[in-house]
Amino acid sequence: MIVQLYNIVLLVAAVANIVMGCSLLDGNKGYPDFEVYRRSRMLTALTYLVFAAGFIAHSKLEWRLLWPAGATALSVTYFHIGAVLFGWSHISLLNPNYLTRHIVIRDVAILVVGVVTCWTAAAHFSLVAFHLSLTIFFLHALYISYIFYRTLLRVRRLTGALPQSDANASWWTAENRLMVIGFQRSIRVSCHLIVIFGLGSIVITAAFPTEQWPYIVLMTLGIAVFCYIYYGLANYGSVIEAGTNATEDIIHRQK
């Protein structure tokens with residue numbers, strides 16, 4: 001019974017992620033002039049599809065029963081990919097100049113080392129390699145989170161310093177200002193949730209590699225987390241012009 005419930009929850013989570021990912025990609029048609037926002041939606045959609053593929057693989061391969069080390073390696077893989085994509089997506093919304101070639105090369109290199117180490121550990125049952133791969137994942141995810149929070153705090157402070165409204169800028173009304181600040185609050189909560197969910201999931205699944213019940217709870221919570229991130233990002237589209245102009249104004253003031 002618990003195995004069936006485990007598979008059902010995995011498939012429901014996968015379908016939900018596929019629907020939200022496809023919705024973000026399809027909705028990009030409505031924002032042809034906002035490249036950073038379109039890229040953020042695309043990267044977030046890719047995150048959802050990567051997680052969906054991981055959930056389906058867990059359901060079909062049943063490695064949690066047959067190969068616990070492989071199941072943990074699979075989880076670490078898509079959570080690590082998700083951490084990188086989430087950072088690229090949401091930090092860029094706060095700082096459009098963030099995603100440079102250097103950042104991409106750095107994150108991909110760390111990701112590849114971490115994933116290869118993890119699968120090597122799973123294949124050879126190496127406890128040392130496994131601990132090393134988890135260390136790489138946690139440190140990388142925490143560093144990305146640190147950059148996100150540091151960027152968010154700076155942008156929130158500078159946004160608060162902008163005038164309540166500007167007669168010379170039709171896009172910066174008091175209402176839009178509140179909406180932009182509200183979006184910044186929502187992505188802060190999104191980061192809280194993804195950090196707690198991501199790091200907590202890896203810890204729990206590593207602690208209970210052959211159990212299904214922790215994953216049932218995690219996937220149920222995960223659906224709510226992904227829905228919150230989706231609606232926060234999608235709703236930003238209603239104030240994207242004001243948000244983009246405000247971000248550009250902030251960058252100009254920093255020069």
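**Exercise 1. Is Glu62 buried, partly exposed or exposed?**

Before we start, a word on the model. This is a predicted model, where local features need pLDDT of at least 70 and side-chain atom pairs count only at pLDDT 80 or more, while totals for chains, interfaces and linings use all residues. Residues are numbered from 1 along each chain as its sequence is written, and side-chain values use heavy atoms, with hydrogens and water left out.

Step 1: find the residue. Glu62 sits in the loop between helix 2 (35-61) and helix 3 (63-66); helices here are DSSP runs of H or I with at least four residues, strands are runs of E with at least two, and both are numbered from the N terminus.

Step 2: get the cut-offs straight. Buried means under 20% relative accessible area, exposed over 50%, and partly exposed in between (1.4 Å probe, protein chains only).

Step 3: read the value. Glu62 has 32% relative accessibility, so it counts as partly exposed.

Step 4: glance at the backbone. Phi of Glu62 is near 55 degrees, which is positive even though the residue is not glycine.

**Exercise 2. Work through Phe125 and Asn28 in the same way.**

Step 1: Phe125 belongs to the loop between helix 5 and helix 6 (127-161). Its phi is positive too, about 55 degrees, and Phe125 is not a glycine. With a relative accessible area of 66%, Phe125 is exposed.

Step 2: Asn28 is found in the loop between helix 1 (2-27) and helix 2. Its relative accessibility is 8%, so Asn28 counts as buried.

Step 3: look for partners. Neighbours within four places in sequence aside, Asn28 is in contact (heavy atoms within 4.5 Å) with Arg38, Arg41 and Met42.

**Exercise 3. Check the spans of helix 4 and helix 8.**

Step 1: the expected span is 1.5 Å times one less than the number of residues.

Step 2: helix 4 (68-94) has 27 residues and should span 39 Å, and its end C-alpha atoms are indeed 39 Å apart. Of those 27 residues, 24 are buried.

Step 3: helix 8, with 23 residues, reaches 34 Å from first C-alpha to last, close to the expected 33 Å. Its buried residues include Pro214, Leu218 and Val225.

**Exercise 4. Describe the largest pocket and the largest cavity.**

Step 1: sort out the terms. On a 1 Å grid over the protein atoms alone, a cavity is a set of points where a 1.4 Å probe fits but cannot get out; a pocket is an open set with protein on both sides within 12 Å along at least five of seven lines, and lining residues have an atom within 4 Å of a point. Grid points are joined across faces, edges and corners, and a volume is the space filled by probe spheres set on the points.

Step 2: the largest pocket holds about 160 Å³ of space. Helix 7 (174-207) and helix 8 (213-235) each give two or more residues to its lining, and helix 8 gives the most, with 6 residues. The lining has 10 nonpolar, no polar and no charged residues; Ala, Val, Leu, Ile, Met, Phe, Trp, Tyr, Cys and Pro count as nonpolar, Asp, Glu, Lys and Arg as charged, and the others, Gly among them, as polar.

Step 3: the whole structure has 4 cavities of 30 Å³ or more. The largest cavity has a volume of about 190 Å³. It is lined by 17 residues, and the closest to its centre are Ala83, Ala141, Ser145, Ile194 and Val195. That lining divides into 12 nonpolar, 5 polar and no charged residues.
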